[in-house]
Amino acid sequence: MTDRERNMELLEEAQSNGRLSHSYIFSGIENVEFAVKIAQKILCKREHTGCGSCSSCLKVLSNNHPDLMIVEPEGTSIKNEQVEAFQNFMVIKPFESEHKIVVFNGVHAMTTRAQNRLLKILEEPPAYAMMILMSKQAEMLLDTITSRCQTLSFHEDMSVENEVLNHAIDFVKSLEFNDINHIYSFSAYAKEDKARFSIFLRKVNEIFRDIMIFKETQNIQLISHENFTILDNRSQLSQLSGQFSHRRLITLIFAIEEVEAKLKSNMNFDLTIDQLLFKCLSTLN
Ligand SMILES: [Zn+2]
C-alpha cells in the first residue's frame, strides 16, 4: 500500500467516525490533484464516496465548488493578500456542505507574516473548517503552525518523477533536433495522464530555464541539482544552449506557462496539449 492509499484510508476513517481534524499537514507531497481528490470525497453528497456525478463532485471537478479553495504560490511565495482572501473565505459559513476546505500547496513558501495570519485561523478554526497544508519542506513551517496540525507523512515514489524527467529531457532534445515526428509522439504520452502531464510541464520548464541560465552565465553551479544529473556534462549544456536562441527559449517558457494556466482554468485538456505542440513546432529552426 502506498502512502497516498494509506493516508486516504486514514482520512476516510476519520470522516466516517466524525473525527476529521481541522488542519492537516501533508508532509512530503505537493500535489493539488491529490488534495482535490480528498476534498471531493469529503464534500461528496453520495456518502462521501467521491462519486464523480453528484452536484458537489461535478462542481469540484469543474473547479467551481463554493466551499473549496486552492491556494498556491504566486511566483515564489504565497502572498499576504492570498492569505487574506483565505481568511475572508473561511469566515463565511459553507454554502452547501458541512465543510469549507482550503488546500495550501507548497505552504512553506508562505512569508512569516502570512504564516502568522494563517495561525490565527488555526488557533480558533470555525467548526466547518478544514485546512490541508501540503509541503515538501514542512520542516520550514513555524512550530506554532505545526503543533496545531495533524501531520500525515508521504514518502513519494521517486520513480514517477524520474520517469517524467526522462521524458522531459527527451522532449527538449526532440526540439533541439527539430524532430517533428518525435515531437508529435508526445501528444499521446501527454494525453494519457493529466497529473503526470503537469509534472512533465514543470520539468520541461525547469530545463528551459536551466538552459537559459547556462546560456547567460556559463555557470554550471546555478543549474538545479536534479537537472544536472541528466544534463550531466558541460558539453551537453553548451550544445543545448547553442541550439536554443534566447528568443526561442522565452517563447517556449511562455507557451508552457500559458498551458499551465489553461489547465488550471479547466480548458479542454487534449486541445490544450495540441496547441502547445503546435506552438513548439512553430519555433523550429
Ligand atoms: Zn459525489
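1. Contacts of Phe104. In this predicted model, Phe104 touches Val71, Ile78, Ile132, Leu133 and Met134, leaving aside residues up to four places away in sequence. Phe104 is also one of the residues with the most contacts inside the largest nonpolar core.

2. The main core. The largest nonpolar core has 39 residues. Besides Phe104, those with the most contacts inside it are Ala39, Val103, Ile132, Leu133 and Met134. At least two residues of this core come from each of strand E1 (23-27), helix H2 (32-43), helix H3 (55-61), strand E2 (68-71), helix H4 (80-91), strand E3 (100-105), helix H5 (112-123) and strand E4 (129-135). H2 supplies the largest share, 6 residues.

3. The second core. A separate core of 24 residues is also present. Among its members are Val172, Phe200, Leu201 and Phe244.

4. The sheet. The strand order E2-E3-E4-E1-E5 describes an open sheet of 5 strands, with parallel pairing. E2 and strand E5 (150-153) are the edge strands, and each of them pairs on one side only. On average, and with direction ignored, neighbouring strands of this sheet are turned by 15 degrees against each other. Helix H2 packs on the sheet and touches E2, E3 and E4. The direction of H2 makes about 170 degrees with that of E3.

5. Strand E4 and its partners. E4 pairs with E1 in the parallel sense over 5 bridges, and with E3 in the parallel sense over 6 bridges. On the E1 side, Leu133 in E4 is the bridge partner of Ile25, and Met131 in E4 stands opposite Ser23. On the E3 side, Ile132 in E4 is the bridge partner of Val103. Ile132 and Leu133 thus appear both in this pairing and among the residues with the most contacts inside the largest nonpolar core. How many residues of E4 are buried? The number is 6 of the 7, so the strand is largely enclosed by the rest of the structure.

6. Helix H13. The 14 residues of helix H13 (residues 269-282) should span 20 Å at 1.5 Å a residue. The C-alpha atoms at the ends of H13 are 20 Å apart, which agrees with that expectation. Which residues of H13 are buried? They are Thr272, Ile273, Leu276 and Cys280. Seen down the axis of H13, these buried residues fall within an arc of 100 degrees, so they line one face of the helix. The face turned away from the buried side carries the exposed residues Asp270, Leu271, Phe278 and Ser282. A reader colouring H13 by burial can check Leu271 and Phe278, which are listed as exposed, against Ile273 and Leu276, which are listed as buried.

7. Backbone at Glu47 and His48. Most residues other than glycine have a negative phi. Glu47 has a phi near 50 degrees, a positive value in a residue other than glycine. His48 likewise has a positive phi, near 55 degrees. Glu47 lies in the loop between H2 and H3, and His48 is found in that loop too. Glu47 counts as exposed because it has 10 C-beta neighbours inside 10 Å, where the cut-off for exposed is 12 or fewer. His48 has 17 other C-beta atoms within 10 Å, so it is partly exposed.

8. Gln15 and the H2-H3 loop. Gln15 lies in helix H1 (residues 3-16). Which residues does Gln15 touch, not counting residues up to four places away in sequence? The contacts are Leu20, Ile42 and His48. Gln15 and His48 are 33 residues apart along the chain, and their C-alpha atoms are separated by 8.7 Å. With 17 other C-beta atoms within 10 Å, Gln15 is partly exposed.

9. Asn166. This residue has its place in helix H7 (residues 158-176). Asn166 is exposed, because 12 other C-beta atoms lie within 10 Å and the exposed class takes in counts of 12 or fewer. From Asn166 to Asn17 the distance is 43 Å, C-alpha to C-alpha. In sequence, Asn166 and Asn17 are 149 residues apart.

Key:
Residues are numbered from 1 along each chain as its sequence is written. This is a predicted model: local features need pLDDT of at least 70, side-chain atom pairs count only at pLDDT 80 or more; totals for chains, interfaces and linings use all residues. A nonpolar core is a set of buried Ala, Val, Leu, Ile, Met, Phe, Trp, Tyr and Cys residues joined through C-beta atoms within 7 Å. A residue is buried if 20 or more other C-beta atoms lie within 10 Å of its own, exposed if 12 or fewer, and partly exposed in between; C-beta atoms are placed from the backbone. Helices (H or I, at least four residues) and strands (E, at least two) are DSSP runs, numbered from the N terminus. Two residues are in contact if their C-beta atoms, placed from the backbone, lie within 7 Å. The expected span of a helix is 1.5 Å times one less than its number of residues. The arc is that of the directions from the helix axis to the C-beta atoms. Two strands pair if DSSP finds at least two bridges between them. Axes are lines fitted to C-alpha atoms, for helices over the stretch in contact, and angles run from 0 to 180 degrees between N-to-C directions.
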